[in-house]
Amino acid sequence: MSCKSRGRAVSAKSELRVLAVANQKGGVGKTTTAINLGTALAACGERVLLIDADPQGNCSTGLGIGRLQRKKTLYDVLMGEAPVIEAAVQTSLPGLDVIPADADLSGVELELGQVARRSYRLRDALEPLRANGPYTYVLIDCPPSLNVLTVNAMTAADAVFVPLQCEFFALEGLTQLIRTIERVRGSLNPRLEIQGVVLTMYDRRNSLSEQVARDVREHFGDKVYDAVIPRNVRVSEAPSFGKPVLLYDLKCAGSQAYLRLAREVISREKDRQAQAA
């Protein structure tokens, strides 16, 4: 499997981009997008670390990382018991690693309690990767709620990547997310921005999908990616086999959509870096 339009050459000096994949509304394809965007970026030549920040561990399961393989998890990283590199597990796709999660992660909020810099635990843990790490992208799969895990992810991130389901309450959930981003930017991470919005579960036969897409594009303009992720049975089936859809069925519409999205993410990042230079 390869990306037809390959990304920039990867080197030790490549700038690390940390993206929190977030939406406070559940069922929008957030974990599915984190898994398959990460896979597509790796197929395009990037070095990607996926961080499973949801105690349900669905991101880990969807990448085929069984419970016995989760010897170190994000819990150990946040509690200062393991560095990021030690907790990272190789997946079946070269260039894609994951820091898994399990139910222990649900206790982090209580265990950190009033610990100093508790909102910066993940940011501090990722700092060595920015200095001299092997990755070009870190994707953090956030839980669908505002808690210490989501706050840690947004505090550590350069930007938020927003999957948005093409359905009636989509914009309402997005309004909540924007308020959260603004609060984190104001108190914890002034550089935080919205990387982009990707429309998921798009059904061209449904006029509502098209209406939501139009509304989102009118509201967010060029922040919305051109690539759209369709409703696709193969995308839904893939996690039960412990595979990203690109490894489960490369030729299906969902796989091709995620490859287009990855190429667009890489292209926008190259433009952003050129403007910043």
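A residue is taken as buried when its relative accessible area is under 20%, and in this predicted model Asp102 is therefore counted as buried, with a relative accessible area of 16%. Asp102 is placed in the loop that runs between strand E4 (96-99) and helix H5 (108-112). A polar contact is made within this region, where the side chain of Asp102 reaches the backbone nitrogen of Asp104 at 3.1 Å. When neighbours within four places in sequence are set aside, the residues in contact with Asp102 are Pro55, Arg67 and Thr73. Phe220, by contrast, is separated from Asp102 by 118 residues in sequence and by 35 Å in space, taken from C-alpha to C-alpha.

Strand E4, which precedes this loop, is joined in the parallel sense to strand E2 by four bridges, and within this pairing Val98 of E4 is the bridge partner of Leu50. Strand E2 also pairs with strand E5 (residues 137-141), again in parallel, over five bridges, with Ile140 of E5 as the bridge partner of Ile51. Strand E2 (residues 48-52) is itself mostly covered, as five of its five residues are buried. Val48, Leu50 and Asp52 point one way from the strand, whereas Leu49 and Ile51 point the other way, and burial applies to all of them.

In soluble globular proteins, nonpolar side chains tend to be buried together. In the present model, the largest nonpolar core holds 55 residues, of which Leu49, Ile51, Leu74, Leu126, Val138 and Ile140 touch the most other members. The largest share of this core is contributed by helix H7 (residues 148-156), which supplies six residues. A second core, separate from the one just described, consists of 40 residues and includes Ala42, Cys59, Leu96 and Ala262. For Ile51, the contacts beyond four places in sequence are with Leu74, Ile99, Leu122, Leu126, Val138, Leu139, Ile140 and Asp141.

A further buried polar residue, Thr200, is found in strand E7 (residues 193-202), and its relative accessibility of 2% is the reason why Thr200 counts as buried. The side chain of Thr200 reaches the backbone oxygen of Val28 at 2.7 Å. Val28 is also listed among the residues in contact with Thr200 once neighbours within four places in sequence are left aside, the others being Thr33, Pro163, Leu164, Gln165, Cys166 and Ile229.

Definitions and conventions: Residues numbered from 1 in each chain as written. Predicted model: local features only at pLDDT ≥ 70, side-chain atom pairs only at ≥ 80, totals over all residues. Heavy atoms only, no water. Helix = DSSP H or I, 4+ residues; strand = E, 2+ residues; numbered from the N terminus. Buried < 20%, exposed > 50% of the residue type's maximum accessible area, 1.4 Å probe, protein only. Polar contact = N/O pair within 3.5 Å; in protein donor to acceptor, adjacent residues only side chain to side chain. Contact = heavy atoms within 4.5 Å. Pairing = 2+ DSSP bridges. Core = buried A, V, L, I, M, F, W, Y, C linked by side-chain atoms within 4.5 Å.
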